[in-house]
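Biologist: Please take a close look at one part of this model, its strand pairing. Which strands pair, in which direction, and what links them along the chain?

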Amino acid sequence: MKSEPKKLSRHVSLLEVPEYTFPYCNTILIEDDACCLIDTAVTDDAFQYLRGKHIDLIVSTHYHVDHNLHNNHFPQAKIMVHEADFPYLGSRERFISTLGSQYVGEDLSRYLKVDQLGYEFREPDETMSDGTIIDLGHTRLEVLHLPGHTAGHCGFLFPDLGLVFSSDIDLDRFGPWYGNAACNLNDFIDSVDRVINLKPEMLITSHASGPITSNIQARLARYRDEFYRREKEVINALYRGKHTLWEIVDENIIYRKFHEPQMRYFEWFMIRQHVLRLIGLGKVFADNDRYYLYDGVRPSNLNLA
Ligand SMILES: [Zn+2]
Ligand SMILES: [Zn+2]
C-alpha cells in the first residue's frame, strides 16, 4: 500500500485516499473483537491490504457509490446503513429513483457513473438510527444521524478518541453538495451545526485529508456559511429579475462553470432547495413556476443565518 493506514488508537485506523478523488473516500478500519469497516470505497492499493482481513461488519455512511464501491467484495461481512438510506443502497432501480429525473424532464440516469464503474449493488442487512451504539469489543462508536446530503446520511462519534467522523460534511472547498431530489437543505444546515456543537477534538471527513485537529469549529463554520453565501446570491438573482429556476441556474451561483452536463442539473436541484427554504422563511413567494421576493426583501437587508 502506497500510504500506510494511520493508526488513531490500538484498534482504529484511517485509510486515506487523495483528497476529493471520485469514486473513492476515506475509510475507517476497526480491528477489535469484531472487525469493522466504515465505507468501502478504498483505492486498489488499500483494497489489496484489506483483502487479507476478515471484515465482519461494513457500516455504510450513506448510499452513494463513492462510499460503497467494494461492498460486494466482502461477502462475509454484514452491511449496516441508516433506515432512510436502506432502500437505495441495494438496487440500481431504487437508486435511480432518487435522482429526480421527473422534476427536470430528463433521464438523469444517463449520466450515472455506477454503470461505467461496473459497480454491483448489494442489499444491506441491518439498519441503524441516531444513537445506535456499535460495540466491537474495546471500541464503541455512536451513530450520528446527520441528514441533508442524503436522508439517511450518518456520521460517527468515537467518545474515547474525541473523534467525530462526519462523512460528506466533508469540508470541500467548493462547499456542500445537495444536488438531487433526495437532498434536504434545511436538514443539511442543521447537521453541520450539530457537528459544530459537538466540539470534536478530532475530525475526519470522507474526502478531506485528515485527521483534522485544529480550527475544527472555524472550518466547519466556513463550510456552513457557504449555504448562506449561495442563498444571498439567489436573492440577488431574484432581485435582478431572474424569476424561474433555470434563469437562476444560468447565473452560475454554485458551479462557476458546468464542466459536465449533469452539473447544470445539480445546480438546479440546489437552487430549488434554496428557493423552497426562502419560501419557508417568508421571503419569497411562488406564482406557478416563477418566484418573487416579497416587498421589502432586498439583498441589503438579509439576515439569513
Ligand atoms: Zn455522498
Ligand atoms: Zn462522498
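Modeller: Two strands count as paired if DSSP finds at least two bridges between them. The strands and helices themselves are DSSP runs, E of at least two residues for strands and H or I of at least four for helices, numbered from the N terminus. The model is predicted, with local features needing pLDDT of at least 70 and side-chain atom pairs counting only at pLDDT 80 or more, while totals for chains, interfaces and linings use all residues. Residues are numbered from 1 along each chain as its sequence is written, and chains are lettered from A and ligands numbered from 1 in the order in which they are written.

Strand E3 covers residues 27-31 and strand E4 residues 35-38. E3 and E4 run antiparallel, joined by four bridges. The connection between E3 and E4 is a hairpin of three residues. Within this pairing, Ile30 faces Cys36 of E4.

E4 also pairs with strand E5, residues 57-59. Here three bridges are found, and E4 and E5 run parallel. Cys36 takes part in this pairing too, with Leu57 as its bridge partner in E5. Cys36 thus stands opposite Ile30 and is bridged to Leu57.

Along the chain, E4 is followed by helix H1 (residues 44-51) and then E5, and the three make a β-α-β unit. The unit is right-handed: with the strands pointing away from the viewer, the path from the first strand over the helix to the second runs clockwise. E4 therefore belongs both to the hairpin with E3 and to the β-α-β unit with H1 and E5.
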